[in-house]
Amino acid sequence: MVKRPPRAPGVKAGKRAPYAFIAPFFVVFGIFGLFPLVYTAYVSLTGWRADQPGSEHSLVGFDNYAKLLHDQFFWNALKNTVGIGILATVPQLLLALGVAHLLNYRVRGRTFFRMGVLLPNITSVAAVTIIFTQLFGRDFGLINWVLGLFGVHHIEWQAGTASSWIAIATIVTWRWTGYNALIYLASMQAIPFELYESAALDGASKWRQFWSVTVPLLRPTILFTIVVSTIGNLQLFGEPLLFSNSQSPTNGGSQHQFQTLAVYTYDQFWQKFKYGYGAAISWALFLVIVIMVGLALTLSRRLRGVSDE
Amino acid sequence: MSTALWRRSAAVAGAALLLAPIAACGDSSASGSSGSEKITLTVNLFGDFGYKDLYAKYSQEHPNITVKENVTDYGTHHKNLQAHLIANAGAADIEAIEIGQVAGFTGMAAKLVDFNSQGVDKNQWSEWRWRFGSSADGKQLFGVSTDMGGLGLCYRSDMFAKAGLPTKREDVSKLINSWDDYFTAGTQFLAKYPDKSVKWFDSASNVYNAILAQAPQASYDESGKVIVDSNPDLKKAWDLTVNAVQAGQSAAIPAFTPAWNTGFAKGQFATVTCPSWMMAEIKTNAPDTKGKWDMATIPGTHGGNWGGSFLTVPKSGKHTKEAVELAKWLTAPDQEEWLFKNKGNFPSDIALWDRPDIANYTDPFFTDAPVGQIFSDSAKNLKPQPYGPHSGDIGNAIGNALVSVEQKKATPDQAWTKALADVKNVTS
């Protein structure tokens, strides 16, 4: 070994060290992220079904994907996913913005409220959904009881498309509004106070300040929450599954009215044991997410472009 | 809320479904076996088999053995078992398989212990019965048969009285001789019963299942072909049921959900088609209705079988020897008799049908109805149906279609089309 003079840290002696430091992430990601992704892609090209011994390595090319295009249940699940996704995302983010604005005021017990809004989020999906399913009960549920006071006849929330979407979106909104509100709050606090001061000097009302100062400066954060919520809602699984209230929860309702893509994948993969086909749906879901996130991004960028003029 | 009400709840089922892969890892860890070593045997079931007290008794006789039972819902249980057998890991020491699902496991017989070599005589059951628990060539017996689901008609005699219907079981059996009679009596009940929120039966799928259970074939023919779209008996059972639903006879509560459990306690319906194991459901869901229920013969052919199970021992288990002993003990005559009298599960063991203690048994919960007589007659007259690997899934698909008619979200024709599409999705 040649003895070298000491150098400034990080120039050459430590050349490998940074890689070593970030390696754990990539190793873990490789095992639990990349490998399943690639293996699922391979499985999606096979006709593997557990009830057909020997079908494990039967390569069928893109047959599964071709079949997908003509599968009414796939398109139905896509429709449900997007529908519930929009119902869950839009009111949720608007609500979160409002909540964050309120939390930004100097009020007594501010920390208590700030922690409080996060509580629904740290409760498990299963617990929240089971309780909501009770609340949405047909005959003895609290929500129908309250609606009954206003003369609304008992709604069977699981039965209808609209009613089941609203119920599931409510559960999602309940869990995630606080989380997004805290993210908004964090970036609201980074807005310099001087901006509000000068706006106030120019005679802008609180409402005007909110729309002309707060919201524009929150744009990067709003964009972030839109992307994260879109991804989360496209992967919606636990809520529709537990909301189902039937012997075959992966069916997503008696007419598949709230069977989301993730539930349908699970249904095909783990209930019908059609591994090849289930894997193809997983990949289709991945592509759908990429497309939807792209769409959400362009849409929100365009909105900014318009309001900047 | 009591644990009983949650027992078969779909919500819990779903939760279990989410947790299943994790829970499966928590198996017993001791290895090897000797008489004195502490052993915990795990038993996975899909409903209440009434075994709890028997485990305690078994542990008294075998102090080194503790039994841990884990109940998930019907669908999840069988799917998990399939996945665990495929993976050769994660299965419990004893796993139950229901008769509508068992055909899906014959192909995996090699992964289960052969009871023929464990001193079990398969001829204690009728041939159709042990064939279900055997490999395709009939050489390996992978399941020991537990109960069977002969049919009766459970009814609320107090409600019948208020609706001007006969209350004595002989008169009810006479009045309701065919399925048409059953629905006619339903019309009469709805017209005369004072509380209009009380319906004639609980759930369309339970009526449909009972009618279809009496047909020579259900969703499969003898060659193993799916015949859902061509079996006239199946379509007839469907038509009869949806007509009654449209006439408002159904309480429209999806069966085996928390709402259905509550339905028994709140008295939301007057009749339930009653396989023997249904008695246990009624007793646990509505203990306060003791003496208000009675049982008549089932309309139609007065026969039919719905349900019944097998116990299996996966070879991947760590204590297969002890598990086999426990499975044999749980299905032995004395335990079977105890289960029938205390829980209502009727034994599939032929010799027991004529045991006086069983054949003459009357159940106080059901106003001393001669349930022993009813179910042993039905067992003797049984004409078995062929089942296929997807019988359970197909049943679920049609059950869901019936629910959508009950929810008024689909016309019978739309629901039927959807059901056929679902069946196709299962099998292709």
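Which residue of chain B forms a salt bridge with Lys79(B), and how far apart are the closest N and O atoms? In this predicted model, the partner is Asp393(B), and the closest N and O atoms of the pair are 2.9 Å apart.

The domain assignment divides chain B into two parts, each built from two separate stretches of residues, as set out below.

| Domain of chain B | Residues | Residues in the contact |
|---|---|---|
| Domain 1 | 15-148 + 308-359 | 22 residues |
| Domain 2 | 151-306 + 375-427 | 21 residues |

The C-alpha centres of domain 1 and domain 2 of chain B lie 28 Å apart, and the two domains bury about 1800 Å² between them, with 60% of that area on carbon and sulfur atoms. On the side of domain 1, Trp128(B), Met148(B) and Trp353(B) supply 25% of the area buried against domain 2, more than any other three residues. Between domain 1 and domain 2 of chain B, the count of salt bridges is two.

A helix pair in chain B can be described in similar detail. Helix α3(B), residues 52-61, and helix α14(B), residues 333-342, have axes that come within 11 Å and cross at roughly 145 degrees, and the crossing is right-handed. On α3(B) the contact is made by Asp53(B), Leu54(B) and Lys57(B), while α14(B) contributes Gln335(B), Trp338(B) and Leu339(B). By character, the residues of this helix contact comprise three nonpolar, one polar and two charged.

Technical notes: Residues are numbered from 1 along each chain as its sequence is written. Chains are lettered from A and ligands numbered from 1 in the order in which they are written. This is a predicted model: local features need pLDDT of at least 70, side-chain atom pairs count only at pLDDT 80 or more; totals for chains, interfaces and linings use all residues. Side-chain values use heavy atoms; hydrogens and water are left out. Axes are lines fitted to C-alpha atoms, for helices over the stretch in contact, and angles run from 0 to 180 degrees between N-to-C directions. Helices (H or I, at least four residues) and strands (E, at least two) are DSSP runs, numbered from the N terminus. A crossing is left-handed if the near helix is turned anticlockwise from the far one by less than a right angle, and right-handed if clockwise. Contact means heavy atoms within 4.5 Å. Ala, Val, Leu, Ile, Met, Phe, Trp, Tyr, Cys and Pro count as nonpolar, Asp, Glu, Lys and Arg as charged, and the others, Gly among them, as polar. Domain bounds come from an automatic or database domain assignment. Buried area is the accessible area (1.4 Å probe) that two parts lose on being put together, summed over both. A salt bridge is a side-chain nitrogen of Lys or Arg within 4 Å of a carboxyl oxygen of Asp or Glu.
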